[in-house]
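Student: I have a structure open and do not know where to start. Can you show me how to read it, one feature at a time?

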Amino acid sequence: MATVSKKSFEKQIIPRIWPIILLFALLMGSLYLLADATRSETSFEQLHYWLFPFNVLLLAIFILLIAVNVYKLAVQVIKGQPGSRLTLRLLLMFVVLAIVPVGIVYTFSIWLIQEGVDSWFDADVEKALQDSIDLSRSSLDLHMRQLRQQTEPMIKELSQTIPLDAPLVINDLLRRSGAAEIVLFTRSSRIIASGGEVGAAVVPRLPGETVMRLVSQGETYVGLDPIKDSGLHVRLVFPMSTTGATTQKRMVQVLYPISDRISDLALSVQEGFGKYNELVYLRTPLKQNFALIITLVLLLGILFAVWAAFYSARRLVEPIKDLAQGTKAVAEGQYHKKIPIERNDDLGMLIASFNQMTERLSLARDKAKLSQRLIDSQRNYLQTILENLSSGVISLDQNLVIKTANATASQILNTDINEYIGRDVAQLSMGHENLKSFCDQIVPMLQGSESQWQTEVKLLGGSQGNKFQSKILMCRGVRLPGDEEQTGGYALVFDDITDLISAQRDSAWGEVARRLAHEIKNPLTPIQLSAERLRRKILPELDQHEGSILDRATTTIVEQVESMKEMVNDFADYARVPQIEKSPLDLNKLISEVVELYQNNAHNFEVRTSFDEYPPLILGDSTRLRQLMHNLIKNAFEAMPTSTQQEGQRQGQVQITTRCFEISGVPFVSLVVVDDGPGFPNDLLERLFEPYVTTKTTGNGLGLAIVKKIVEEHGGTIRAENAPNKGARIKIRIPLSAATSGTINHSEIRVRSQGDAA
Amino acid sequence: MNLILLQKRAITVLLVISITTLMYAFVSESAQARTIAIEVNYLNIAELNDELRLDAEIAYELNSEVREALINGIPMVFQVEVQIVALQKWLWDKVIITTVKTHLLKYHILSKQYVLENLETGESVSFPDLESVLSKQGSVSAMYIAETDYLKEQENYVVQLRSRLLSSELPLPLRMKSYFSPKWRLDSGWYQWPL
């Protein structure tokens, strides 16, 4: 990790640092050359010519770099990129920090050069030097005049000699006058004769063209001539009158040495004044030079500083920018973001801490997610259990406000409890009359001090036409454990034990029936036989009157016994342990066959059928099922009102419907029988399928009890209710055989199950 | 992506333009100075006693700034440089011989004389006016270049001459100025003459 970051660090930094080093080296080189150029002994003579353009080029490069950086930064600031404002602020700070001292130094330097250099020069000194040179000149002028006067006669003498004699005359004159050199020459610089020698020159030095022109016009030139290594000389050039043959103008130059003492003094004055004069003259270019160099150096320095400020500001802000982006990412919930560590300083440490923090956050989030998922799965698990529980469960808080309820609770109470979540449990009774008894019984128990209780609650059935049947519930309440501040809520668990009680009742009846059949049936045959025998033996011996009494009595006994036998047989049927033989059969077909028997009856009685298009194949005993159908139809028939027109004639119709559907993945067939009779009395609805519960005057009341028994033998359920408008309705559900369910299109069933399940 | 490309192009173009402008300004200025200050009017090379000797006439024209400096006692060194170059077809031309003649020109303030000193021989002449001294300085006669047998016959030779003010010999402040100011760059440039 550490080595990787170091590598990337090197990779990123090195290419960026090279141009800086290069530029800095160029800058330093150029400044060194500038400094070198200010020395009198230089080592880089050839380079100096290029110094100025090179420095200007450097300036241009810096200005360009800065312009590019300013442009970039401006774009960033306008776009509002993170870190750009901080860069700007840092940059301004750096620039101000660099420019202020440099500006001060610059101003002070320029001032120092201007004022300082000038202060070295003094007007009085200058005047004195000028005076001294004037004095020297006037002194020498006097000397020159004397020499001229002294020489003029000699020139006349020379002019009168012929050229051949000239050298002799010249030597003579040299000796007499003390002159250093005498040269006789023509206008075209041809030397006719000369004598004496001055300095190192082999050939005498003739005056220049201007002097020649002057002299050829008849004037005499008198001037000083500084001759190297020989001191000052006075040069006199005279024109010579022409004599005889030569037409060319001739001239004579006489050089007089000036005495060593005067010469030294004059040269010393000349030297001093010359140096001072040079200095005065050079003052202005010197100042200009220094100003230029200082300006150039400081300008380069400032530009480099500004550019370096850009660079360092960016370098400084880079990790902060990364951090800002990282923080933003974390704020947006992206914990995976990692910032590369590029430095070893405090910022690097900060970034490392940030990375650590995001890692921790990420871990914590993952943990939280995991535990959340665990809780969710736990809850789902519990929810699934609760939802599939046959018991209704309602949880309440300590103020008896409903918090949760499972689907079974709603089903048992026949109310959507979910609508009441967040409301007081007592409000359940509002709008639901039949829940009033439930609430009245439960609430006091909940408010009591018992932490666990159990009670049986009876829910009253709805009024006429209401589907809701009376139910008996077993309710258990448990106080839930709370925390320190609050007491816990309550869990209310209740089961519908109606079926259980009814089953208990059925089994009690079965026991009674079995006893009846066993205990009563046995003595009946001897009673009947005895009565018949009594009649057969005694009747012939009695007279008519007595005989008729006996006959009536024995007939009554036999009839009653017969009737009792019938009743006992019925009971035996009811109590009999079923010996049914199940085989696959089509319920629709079976119903059709039974209904056929009732079609052409003497009564105004009609049986209609409506079958599911899918044959409801069930595994059943056809004999028992036929009996079931007979019983149901007969039951309906007997409930029909008698016709008003014809005595003993019943009228009405029975509707028989079959539908296939599915509940919780189990396919069922629903058989519904509806008549248009008066319906069941409400108070009998609950116990309708118990023996001897009947509204009819005829029959023993075992019809529906047997029906229920047959249904239960086939694993089905039965329910009786009053149709909304008129008549009684009996609903039977029998599970379809496995073979059948395979042939049924399940999706079809499911679609219909939504509508028909109720 | 496009923006970055544009930026880079703009930077390159700017750089090229600035450098070109700079160079042009520099070169043109020096060229201007060259045409005015020193001109070679005449050049002749002759064989004399198996030696190559050069005659030339160089016109010096000093601008007011240089004159002023001279009057104020600034000594100036002028150099005449003569080279014999062997012309080569494919390679760079090869300089075979270089001969240099150097003069110091200064103003003698006490005597009001312009002094011209030959730095090789040490000889000096003085003139009361500038024209005379410049004309003396500009006349080159029978300057020794080389022995004739030094040159091989089969090659093409060119003699070239230039004269210039040696800025390196100027006093320091003027030397700096000479780097920046074309007025102080007195240079004839190379004058070529077939041999």
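Tutor: Begin with one helix, and keep in mind that this is a predicted model. In helix 13 (residues 587-597) of chain A, the buried residues are A:Leu587, A:Asn588 and A:Ile591.

Student: Where do the buried residues of helix 13 of chain A fall when seen down its axis?

Tutor: They fall within an arc of 95°, so they line one face of the helix. On the other side of helix 13 of chain A, A:Glu593 and A:Glu596 are exposed.

Student: What do the buried residues of helix 13 of chain A pack against?

Tutor: Several elements of chain A, including strand 11 (583-586), strand 13 (617-620) and helix 14. Strand 12 (604-610), strand 14 (651-663) and strand 15 (666-675) of chain A are also among them.

Student: Now two helices together. How is a packed pair described?

Tutor: Two packed helices are described by the angle between their axes and the distance between the axes. Take helix 14 (residues 622-639) and helix 15 (residues 703-713) of chain A: their axes come within 9 Å and cross at roughly 145°. The crossing of helix 14 of chain A with helix 15 of chain A is left-handed.

Student: Which residues make the contact between helix 14 and helix 15 of chain A?

Tutor: From helix 14 of chain A, they include A:Leu625, A:Leu628 and A:Leu632. From helix 15 of chain A, they include A:Leu704, A:Val707 and A:Ile710. The residues of this contact divide into 7 nonpolar, 4 polar and 3 charged.

Student: On to sheets. What is the strand order in the sheet that holds strand 12 of chain A?

Tutor: The order is 12-14-15-17-16, in an open sheet of 5 strands with mixed pairing. Look for its edges next. Strand 12 and strand 16 (717-722) of chain A are the edge strands, and each pairs on one side only. Neighbouring strands of this sheet are turned by 15° against each other on average, direction ignored.

Student: How many bridges join strand 15 of chain A to strand 17 of chain A?

Tutor: There are 7, and strand 15 runs antiparallel to strand 17 (residues 728-735) of chain A. One place to look is A:Phe668, which stands opposite A:Pro735 in strand 17 of chain A. Helix 14 of chain A packs on this sheet, touching strand 12, strand 14, strand 15 and strand 17 of chain A. The direction of helix 14 makes about 25° with that of strand 15 of chain A. Helix 15 of chain A lies across strand 16 and strand 17 of chain A, at about 140° to strand 16.

Student: Which strands are the edges of the sheet ordered 2-1-5-4-3 in chain A?

Tutor: That open sheet has 5 strands, and its pairing is antiparallel. Its edge strands are strand 2 (191-196) and strand 3 (221-227) of chain A. The twist averages 20° from one strand to the next. Strand 3 of chain A pairs with strand 4 (residues 231-240) of chain A over 7 bridges. In strand 4 of chain A, A:Leu232 is the bridge partner of A:Pro226.

Student: Is A:Arg187 buried, partly exposed or exposed? What counts here?

Tutor: Count the neighbours. A:Arg187 has 14 other C-beta atoms within 10 Å, so A:Arg187 is partly exposed. Its place is in the loop between strand 1 and strand 2 of chain A. Leaving out residues up to four places away in sequence, A:Arg187 touches A:Met212, A:Ser216, A:Gln248 and A:Lys249. A:Arg187 and A:Arg213 are 26 residues apart in sequence, and their C-alpha atoms are 8.5 Å apart in space.

Student: What about chain B? How many residues lie between strand 5 and strand 6 in their hairpin?

Tutor: There are 5 residues between them, and B:Gly122 in the turn has a positive phi of about 85°. Strand 5 (residues 113-118) and strand 6 of chain B run antiparallel, joined by 4 bridges. B:Glu117 has B:Ser124 as its bridge partner in strand 6 of chain B. Now check the side chains' directions. From strand 6 (residues 124-127) of chain B, B:Ser124 and B:Ser126 point one way and B:Val125 and B:Phe127 the other way, and all are buried.

Student: How many residues does each chain give to the contact between chain B and chain A?

Tutor: Chain B gives 39 residues and chain A gives 43. Elements of chain B that give two or more residues include helix 1 (2-37), strand 5 and strand 6. The residues on the side of chain B divide into 21 nonpolar, 12 polar and 6 charged.

Key:
Residues numbered from 1 in each chain as written. Chains lettered and ligands numbered in written order. Predicted model: local features only at pLDDT ≥ 70, side-chain atom pairs only at ≥ 80, totals over all residues. Axes fitted to C-alpha atoms, helices over the stretch in contact; angles between N-to-C directions. Left-handed = near helix turned anticlockwise from the far one by under 90°. Contact = placed C-beta atoms within 7 Å. Nonpolar A, V, L, I, M, F, W, Y, C, P; charged D, E, K, R; others polar. Buried ≥ 20, exposed ≤ 12 C-beta atoms within 10 Å, placed from the backbone. Pairing = 2+ DSSP bridges. Arc of directions from axis to C-beta.
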